[in-house]
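Here is a short report on a structure with more than one part to look at. Keep the sequence and the 3D view open as you read.

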Amino acid sequence: MEDIVTLNKDVSIVAYYFHNRGSLLKCFPKKMEYEGKSVTFTKTGLRHPTKKGNRMIHVFDMTDGQADYRLEFDAESLSWTLVSIADMHYATPSIKPAFAS
Amino acid sequence: MPHPQSSLHLPVNCASAEVMHIDLNSCFAMVEQQARPLLRGRPVGVTNRKTANACVVAASYEAKNLGVKVGMTFSEATSLAPGLILVETDPPKYHWVYQKLVEIMRSYSPNVTMKSIDEGVVDFSGTIEHINRRPLPEIGSEIKARLKDEVGTWMSCNIGIAPNRFLAKLAASLHKPDGLDTINHKNLRQILSTLELTDLSGIAERNQARLNSAGIYTPLQFLDASAELLKRRVFKSVCGEDWHHRLRGWEVDSQEWATKSIGRQYVLEDRQPSEEVLRSRLSYLCETTAMKLRYKCMSARGIFLYIRYANGDYWYDRKKFKSNFFSNAEVYRRATLLFNRRPLDAYALEIGVSCYGLEPSSMNQVSLLDEVNKEVWLTEAVDRINSQFGEFTVTHASSLGSEAVVKQKIPFGSTRYFELLCSRA
């Protein structure tokens with residue numbers, strides 16, 4: 001069964017990186033801080049926009065190699081939400097992810 | 001290309017292959033693996049609900065290699081692949097990939113038809129001389145590279161190139177995953193000689209039996225069969241003639257069909273649902289059906305309701321009205337008229353509502369009847385609130401509780417309501 005923990009917590013993105021996707025330079029989160037811990041993303045899964053009513057939300061699926069993180073950026077309030085952490089059991093077993101309980 | 005209806009017996013179409021069929025490999029599973037890198041290389045199944053009886057709607061190639069097939073229940077699939085990871089569908093994700101695919105396809109030709117959420121056809125005819133001067137296989141390779149670049153590195157697709165849509169789809173299915181094949185008049189016989197009848201899209205068990213009864217056992221025999229034989233003896237309709245043309249590379253599948261009915265159905269989550277639950281689910285289905293109607297700028301004159309019972313019985317009723325309707329309340333009121341006539345012998349298992357007798361909506365027309373105007377204004381006001389703050393911000397009290405249970409699922413065939421679906425996801 002799917003290995004997913006839903007959090008829906010506000011987080012800080014303290015570093016970004018830029019990457020060419022198609023013809024445009026796109027911005028992605030690089031480092032996230034949450035409750036005194038920090039996670040450095042090593043790979044971008046997918047970025048896709050979605051809408052909640054009239055609000056534009058950008059969804060970022062990121063990984064640090066130890067877990068997959070789903071982040072949402074609210075383009076109206078300019079805030080970041082950590083929606084869920086998944087797939088911790090499919091990572092290298094030696095290192096625990098920063099948010100694993 | 002002219003439609004060859006006038007002539008029964010046609011030779012193989014020797015025109016150059018200018019139709020490209022693009023099919024994303026195991027689309028939903030691949031998009032999930034793209035989004036969640038730790039799932040890559042693992043058997044993944046995508047489902048609409050995470051329950052034991054839920055059906056696998058897409059499986060990754062790793063899962064398919066272990067014997068998992070689309071349509072299996074989760075318990076069947078896990079018995080074959082014990083490590084199967086079941087992921088719930090995420091429509092906005094697929095919608096974005098769909099949009100990117102359409103964007104890429106439209107950059108080569110204005111003549112693009114999406115056949116479903118994960119496959120589409122690009123017709124290059126008329127563009128070869130001026131825009132796309134390179135050979136189509138080269139453009140196909142470029143599309144594959146752009147998909148990886150613009151969506152993600154895990155993405156791949158099958159591409160088939162042929163003189164008509166049917167053969168292009170067949171070409172796309174030859175080397176999965178990540179294939180790129182061309183079928184033309186030169187290699188048609190050679191390719192058909194390597195296939196079974198059921199490898200042809202549209203030939204399943206029943207059509208295979210029909211063909212077998214006329215002594216046709218292989219695609220090559222099917223190709224060589226006369227149009228007369230296929231029309232009179234095998235398919236007993238004009239479909240036989242269509243097959244004759246289709247196999248020879250003539251276009252017969254470019255017809256666009258108008259929407260005849262709009263509806264929704266739902267398999268109840270409770271095996272012994274109470275009257276209250278049933279009415280709540282019905283109300284919700286009516287609301288979403290009415291939303292679809294308005295999304296398509298249509299109104300309806302008829303309503304159809306069916307119930308499948310736990311004891312295997314099936315009941316349906318339909319009614320056509322003199323006045324047309326489009327609002328949530330009216331669809332529910334009229335469906336309730338039918339619902340109240342249903343037999344009460346067993347528990348309902350599945351319920352479905354659809355509207356037919358569709359015609360362009362008259363919501364913009366001010367009516368002489370004040371109650372009609374009030375209904376239009378109320379519906380428009382509620383639609384505006386829901387559009388601003390999210391669907392079901394204002395909803396019928398009778399539907400309360402259903403929204404969390406009856407989730408909108410992925411449309412497999414048409415993508416007509418994809419925007420509407422994603423606004424609710």
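## Two crossing helices

In chain B, helix α1 (residues 27–35) packs against helix α4 (residues 91–106) at an angle of about 100°, and their axes are 10 Å apart. An angle from 65 to 115 degrees counts as roughly perpendicular, so α1(B) is roughly perpendicular to α4(B). This is a predicted model.

Which residues make the contact? From α1(B) come C27(B), F28(B), V31(B) and A35(B). From α4(B) come K93(B), Y94(B) and V97(B). Sorted by type, the contact of α1(B) with α4(B) has six nonpolar residues, no polar ones and one charged.

## A sheet of three strands in chain B

α1(B) has other neighbours. It lies across β2, β3 and β4 of chain B, and it runs at about 115° to β2(B). These three strands form an open sheet in the order β3-β2-β4, with mixed pairing. Which strands stand at the edges? They are β3 (56–59) and β4 (85–88) of chain B. Each has a single partner strand, so one side of each is left without a neighbour in the sheet. From one strand to the next, the twist averages 35°.

Now take one pair from this sheet. Strand β2 (residues 44–47) of chain B pairs with β4(B) in the parallel sense, over four bridges. To find the pairing in the 3D view, start at G45(B): L86(B) in β4(B) stands opposite.

## A sheet of five strands in chain B

Chain B also has an open sheet of five strands. Their order is β5-β6-β1-β7-β8, and the pairing is again mixed. The edge strands are β5 (112–116) and β8 (180–182) of chain B, and each pairs on one side only. Neighbouring strands here are turned by 15° against each other on average, direction ignored.

How do strand β1 (residues 19–24) and strand β6 (residues 119–123) of chain B pair: parallel or antiparallel? They pair in the antiparallel sense, over five bridges. Within this pair, I22(B) stands opposite G120(B) in β6(B). A helix lies across part of the sheet. Helix α5 (residues 136–150) of chain B crosses β1, β7 (157–162) and β8 of chain B, running at about 160° to β7(B).

## The domains of chain B

Step back to the whole of chain B. It is divided into domain 1 (15–184), domain 2 (192–256) and domain 3 (273–424). How far apart are the C-alpha centres of domain 1 and domain 3 of chain B? They lie 32 Å apart.

## A hairpin in chain A

Turn to chain A. Strand β2 (residues 24–34) and strand β3 (residues 37–40) of chain A run antiparallel, joined by four bridges. K31(A) stands opposite T40(A) in β3(A). The hairpin of β2(A) and β3(A) has two residues between the strands. There, E35(A) takes a positive phi near 50°.

## Where the chains meet

How many residues of each chain are in contact with the other? 21 residues of chain A are in contact with 22 residues of chain B. On the side of chain A that touches chain B, β4 (43–52) and β5 (55–63) of chain A each supply at least two residues. β4(A) gives the most, with eight residues. By type, this side of chain A divides into six nonpolar, seven polar and eight charged residues.

Methods: Residues numbered from 1 in each chain as written. Chains lettered and ligands numbered in written order. Predicted model: local features only at pLDDT ≥ 70, side-chain atom pairs only at ≥ 80, totals over all residues. Domains from an automatic or database assignment. Contact = placed C-beta atoms within 7 Å. Nonpolar A, V, L, I, M, F, W, Y, C, P; charged D, E, K, R; others polar. Axes fitted to C-alpha atoms, helices over the stretch in contact; angles between N-to-C directions. Parallel < 35°, antiparallel > 145°, perpendicular 65-115°, else oblique. Pairing = 2+ DSSP bridges.
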